[in-house]
Structures are given as structure tokens and as C-alpha cells.
Amino acid sequence: MSTEVTQAFTHGFPKAELHLHIEGTLEPDLKLKLAQRNHVDIGQHTIEEVQKAYQYDDLASFLAVYYPAMNVLQHEQDFYDLAFAYLQRAAANNVRHVEIFFDPQAHTSRGIPFKTVIDGLYRATVDARALNVDAQLILCFLRDFSKESARQTLETALPYKDKFIGIGLDSDEHNNPPMKFARQYEDAAAAGLHLTAHCDIDQKDSIEHIRQALEQLDVERLDHGTNIVEDPDLVQLVARKGIGLTSCPLSNSFVSPEMKGKEVLDLLAQHVKVSINSDDPAYFGGYIGDNYYALADKFNLTKAQVVQLARNSFETSWISATQKALYLKELDAYVATH
Ligand code: ADE
Ligand code: ZN
């Protein structure tokens, strides 16, 4: 039990969120509302029935629940409603800057045009300026789809390049190494996009995948990536290069027996820029403030450690040095008065 850190504090300080799947913010009530609006039968009719289906204990069993639910997303307005609902929650958690993942192939593979998806999401990010939240989009490739599908997705997306800032890699990591997408990462970098990739926790080839993401994809951040503690040389490398690791404690505790708090503290002590994020908050029981609080509470974090995690979130975000300095000043001012 942390004595120094309260829920009011973890929800209140200014922060950046860098690991958030917009499809993972689909709350049961919006899911049911969209199912009705779009005449999609999801086989569940009450919030309790939806929640009862949320049974998973690893990445694959989670994804088996996660993707079918996306059928309720059909129209531009649905993507807008999904994103704006999240952005309101982000504002309530004092998220000042967010870089939001979206999975175009999870929608284009169901016949929804890329334009429908990005137009709805982007319009919500524009409206979020009135909530005092600066929101950007990151296009993720589904790593269990082919590299040809990733190539086509990037080709379709590049005409909309002013609406997203980077690419990521998500979905089922088992036997889907980063290297499979080396060419797409090279093309995205050449197009001026930022680069990140999931290295999920406790995978069969976690360390090899982390190494490939760093050395072959040349990523600026690793999403999750906390298994890196098993390899001191790689830890040194990310510390030296200032590469961000986006950890998600509540998500970790669903797909593994642990929040990975020990690893987060170990990385903090080694000056790695690890941050705290919510991943798929509608499925893993909490938004970003809850994630900070759960970790602080369980691992007895000091206020200074929590503030360092928040500093890291701004420092490893893809905003200008001027913006970083302004947000960090805001964070310091909050801490000084709370
Ligand atoms: N898609 C949504 N959440 C994910 C996660 N944590 N890992 C991989 N793919 C995901
Ligand atoms: Zn994720």
C-alpha cells in the first residue's frame, strides 16, 4: 500500500498516453448502442452479458474476444463516437497529449474503407482540442496478417499522411517477428513517419523480437518491451538512446500473472524511459490514472517515481522540444502544489 500516492494524484497530474488502442476503448454500453444502431447481432444484449464474455488469460485469448466486437463499427460516425468517448475519459485523467493506435486492417478486412476509419478518428482528435487534449494517430499493422497486406495498407494510408504521425505493430506476436515487416518500416521511415512496435510480455521469443525491433526496424519506442530486463546489454542500449518503453500494468495482469511492476522499477533505476499506459482500458479494467494508481499501490511507489514515469511519457512522445518543455513545466507546477 503506497502511503504517498493517492488516486486524486494519479488521476490529476498532467500526463501523456503513448500506448492506447482505440478499438480497446469500446465500452460495453457503446458496443450495445452501436450494435443496435447498425443492426449487428453480437450475441449479447446487456452489459452483464457483454462483460461475461470478457474471459482471457493470455494475448491470443484476449484477441479472440477483441476482434469480433469490432463488427459494430461500421460508419464514420461510429469511429468518431468511439474516439471521442475515449478522449473525454482522457481529459478526465488529465491526459494532455495522446498518441492513439488504430488497426486499419481489422476494419478493411471486413469491407470498411480506410477513409471511413481515419476520417472518423481524425475528426474526433480535432474536436478534442476543445477538451484541452492534443491527440495524434498511429497506424498499426496486424502482425498476424501478411507483409503484403501491410504493404497494401501503407500504400492506401500514405495519401492520408497528414492525419497520422507514425506506425506501430500489434496483434498476435507468436511466430510473427518484427523482421517480417522490415521493408514496411523502411518505407514508413522514408515517408517521414515515426516508428514503434509491440514487443508483448513473456512471448516465446521476447528478447529476439526486442532485438529485431531495435536493430532491424530502428524503432523509437517499444510497446511493452519489459522483458528487456533479461538482457543487460539491450537495457544499456535503450537507456543510452533514450528509447521509450510503454508499459501497461493492468493489461499485463490480465494476460500474465503480473503487472510487471518489478521490471518497471528495475528499468526506472537504470534510467530507461519507461512510461505507464492503459493499452485496452475497456477490456482491462481501467484508464490511465487507474494504471498509475494500481502500480503505485501494489509496488509501493514513491511520488518521485510516479512523477518520473509521467516525465518519461512526455519525453518519449513525438512532440517538439518546445511542447515537451511546456508540458514538463505544467507537470512540475502540479507536483509543487499537490
Ligand atoms: N491489440 C490490442 N492490444 C494489444 C496488445 N496488448 N498486444 C498486441 N496487440 C494488441
Ligand atoms: Zn498494446
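Which residue has a polar side-chain atom 2.7 Å from a nitrogen atom of ligand 1? In this predicted model, that residue is D280. Taken by itself, ligand 1 would expose 260 Å², and the protein buries 99% of that area. Two histidines also reach nitrogen on the ligand: a polar side-chain atom of H21 lies 3.3 Å from a nitrogen atom of ligand 1, and for H224 the corresponding separation is 3.4 Å.

As for where all this happens, ligand 1 sits in the largest cavity. The residues around ligand 1 include H21, H224 and D280, along with H198, D170, D200, D279 and S171. L59, F62, L63 and Y66 are also part of that surrounding set. Helix 4, spanning residues 59-69, supplies the largest share of the shell, with 4 residues. Sorted by class, the shell comes out evenly split, with 4 nonpolar, 4 polar and 4 charged residues.

Turning to charge pairs, side chains of opposite charge can pair when their charged atoms come close. Searching the whole structure turns up 17 salt bridges. One of them joins K115 to D119, with the closest N and O atoms 2.6 Å apart. Both partners belong to helix 7 (residues 114-127), and because K115 and D119 are 4 residues apart there, about one helical turn separates them.

Note on methods
Residues are numbered from 1 along each chain as its sequence is written. Chains are lettered from A and ligands numbered from 1 in the order in which they are written. This is a predicted model: local features need pLDDT of at least 70, side-chain atom pairs count only at pLDDT 80 or more; totals for chains, interfaces and linings use all residues. Side-chain values use heavy atoms; hydrogens and water are left out. A residue is near a molecule or strand if one of its heavy atoms lies within 4 Å of it. A polar contact is a pair of N or O atoms within 3.5 Å; within protein, one must be able to donate a hydrogen and the other to accept it, and residues adjacent in sequence count only if both atoms are side-chain atoms. Accessible areas come from the Shrake-Rupley method with a 1.4 Å probe; for residues, only the protein chains shown count as cover. On a 1 Å grid over the protein atoms alone, a cavity is a set of points where a 1.4 Å probe fits but cannot get out, and a pocket is an open set with protein on both sides within 12 Å along at least five of seven lines; lining residues have an atom within 4 Å of a point. A molecule sits in a cavity or pocket if more than half of its atoms lie within 2 Å of its grid points. Helices (H or I, at least four residues) and strands (E, at least two) are DSSP runs, numbered from the N terminus. Ala, Val, Leu, Ile, Met, Phe, Trp, Tyr, Cys and Pro count as nonpolar, Asp, Glu, Lys and Arg as charged, and the others, Gly among them, as polar. A salt bridge is a side-chain nitrogen of Lys or Arg within 4 Å of a carboxyl oxygen of Asp or Glu.
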